[in-house]
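Here is a quick tour of one protein chain, taken a region at a time. Have the model open and follow along.

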Amino acid sequence: MAEIRYESILVEQALAREYASEMEKALKGMGGLNDIKPLIRNFESEFAQYIGVEHAIAVNSGSDALKMVLLAAGVGSGDEVIVPDLTYQAVALAVFYCGAKPVPVDARKDDLQMDPALVQEAVNKKTKAVIAAHMFGRPCDVKQIGKVCRDNKITFIEDVCQAESSRYKGRMLGSFADMAVFSFSYYKPLSSCGGGGGMVVFNGNCGNRVRHWLEDWRNDDELLKLGQRFAPMAFMDLVALRVKLSHIKKIIQSRQQIKALYEKSLGKIEGLTIFKDRPETESVAQNFVVCCKQRDQLADFLTAQGIMVQKPYLSLHQMAALKRNNKKNFPVSEWYSATALHLPLHSFMNQDKAKKVIECISSFFDGNIS
């Protein structure tokens, strides 16, 4: 097993006693498992306050949240949804689930976020929504993308699954669009012990529809229309999240320290590209992305040193379902796919381990670091 890993259980180990205490307290206050609803409502209220919005909804996963906001927005057969090419495949799959077509657009090279100019170019009469996924913890340009959506009267959805707790001009991501979705899987700053997701819906009628889908599981006709049973957040995920939310400032601080250490040292290495926050943004890293021409050799070298690294997952335009009919060029996406590497960065990461990562990378580039 790698000595320095991309994900870590350190935060779970540190909070184990609090998990047990919170679980015992919750169970003693329940007369049956159906009594979980007040606990969910309490978390939703706390999370909404944290994001700076009026209401939030806790669901089973970020993927389910994406499907539900698209359905609530009326996305269906014959519609198109503009999405970033650099994002997790679940974004495209959620669009396919609704019977619509995902339309990927390329990223800006300086921050790897979807390019607002290309979003504007992709809009047509079939465009029903835009999913602005904030990638690698960094905010995309919600101001310009939101303007495109408003000008063209299409639904603006923020995918905050990889950027929870990050900010744009001082405001939390998830507070800018018509709807927003979150994931609380294990490697996020605010994470459960397994799954869990959330959403923000500013339209009351849409929010009520989502609540109905989560709570009315006996209606056969409705379930057949939806094509699946949507579930609320699980009890253990709820317990972990409520505990972590009370420690979120310390969790974020621990990640920011490692991020700053990486930026200061790795930014000096010639031949290695790193990405820093734009002046109007503040990102909470969920990983640390670097790019270099010798990516594969660097990955092998670091792995041999006991450092777990990850290569990018497939860009959307490379998916078989989109590749056949896509004639666009994606130069930034393809550059990232060929050169990017994700370095270990997690909550409560030991700085000595981060320094070892830096030292090994410096060694690989023949010590080009001062």
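Let's start with a helix: α3 lies across β1 and β8, and its direction is about 120 degrees from that of β1. Another helix on the sheet is α5 (residues 89-97), which touches β2 (80-84), β3, β4 and β5 and makes about 150 degrees with the direction of β3. Keep in mind that this is a predicted model.

The sheet under those helices is an open one of 7 strands, in the order β1-β9-β8-β5-β4-β2-β3, and its pairing is mixed. At the edges sit β1 (57-59) and β3, each pairing on one side only. From one strand to the next, the twist averages 25 degrees. For a look at one pair inside the sheet, take β4 and β5 (residues 155-159): they run parallel and share 5 bridges. One residue to find there is A133, whose bridge partner in β5 is D159.

There's a second strand pair worth a visit. Strands β12 (residues 288-291) and β13 (residues 340-343) run antiparallel, joined by 4 bridges. Here F288 has L343 in β13 as its bridge partner. In a regular strand, side chains alternate between the two faces of the sheet. Strand β13 is covered on both faces, with A340 and H342 buried on one side and L341 and L343 buried on the other.

Now for the packing. Nonpolar side chains in soluble globular proteins tend to be buried together. In this model the largest nonpolar core has 49 residues, and F43, F47 and I82 have the most contacts inside it. Among the elements that give two or more residues to this core are α3 (36-51), β3 (101-105), α6 (116-122), β4 (127-133) and α7 (142-152). Helix α3 gives the largest share, 8 residues. As for F47, its contacts beyond four places in sequence are A56, F182, F184, L190 and L245. Apart from this core lies another one of 36 residues, including I57, V59, A65 and V201.

What about empty space? Rolling a probe the size of a water molecule over the atoms shows where it is left. The count comes to 5 cavities of 30 Å³ or more. Here are the two spaces to look at, side by side:

| Space | Volume | Some lining residues |
|---|---|---|
| Largest cavity | about 100 Å³ | including D111, R138, K259, F275 and F288 |
| Second largest pocket | about 320 Å³ | including S63, Y88, C161, S183 and K188 |

The residues listed for the pocket are the closest to its centre, out of 22 that line it. Both α4 (62-72) and α5 supply at least two residues of that lining, and the largest share, 3 residues, comes from α4.

Back at the largest cavity, is D111 buried or exposed? D111 counts as buried because its relative accessibility is 3%, and the cut-off for buried is under 20%. You'll find D111 in the loop between β3 and α6. Leaving out residues up to four places away in sequence, D111 touches R138, F275 and R278. Both R138 and F275 also appear in the lining of the largest cavity.

Note on methods
Residues are numbered from 1 along each chain as its sequence is written. This is a predicted model: local features need pLDDT of at least 70, side-chain atom pairs count only at pLDDT 80 or more; totals for chains, interfaces and linings use all residues. Side-chain values use heavy atoms; hydrogens and water are left out. A nonpolar core is a set of buried Ala, Val, Leu, Ile, Met, Phe, Trp, Tyr and Cys residues joined through side-chain atoms within 4.5 Å. Buried means under 20% relative accessible area, exposed over 50%, partly exposed in between (1.4 Å probe, protein chains only). Contact means heavy atoms within 4.5 Å. Two strands pair if DSSP finds at least two bridges between them. Axes are lines fitted to C-alpha atoms, for helices over the stretch in contact, and angles run from 0 to 180 degrees between N-to-C directions. On a 1 Å grid over the protein atoms alone, a cavity is a set of points where a 1.4 Å probe fits but cannot get out, and a pocket is an open set with protein on both sides within 12 Å along at least five of seven lines; lining residues have an atom within 4 Å of a point. Grid points are joined across faces, edges and corners, and a volume is the space filled by probe spheres set on the points.
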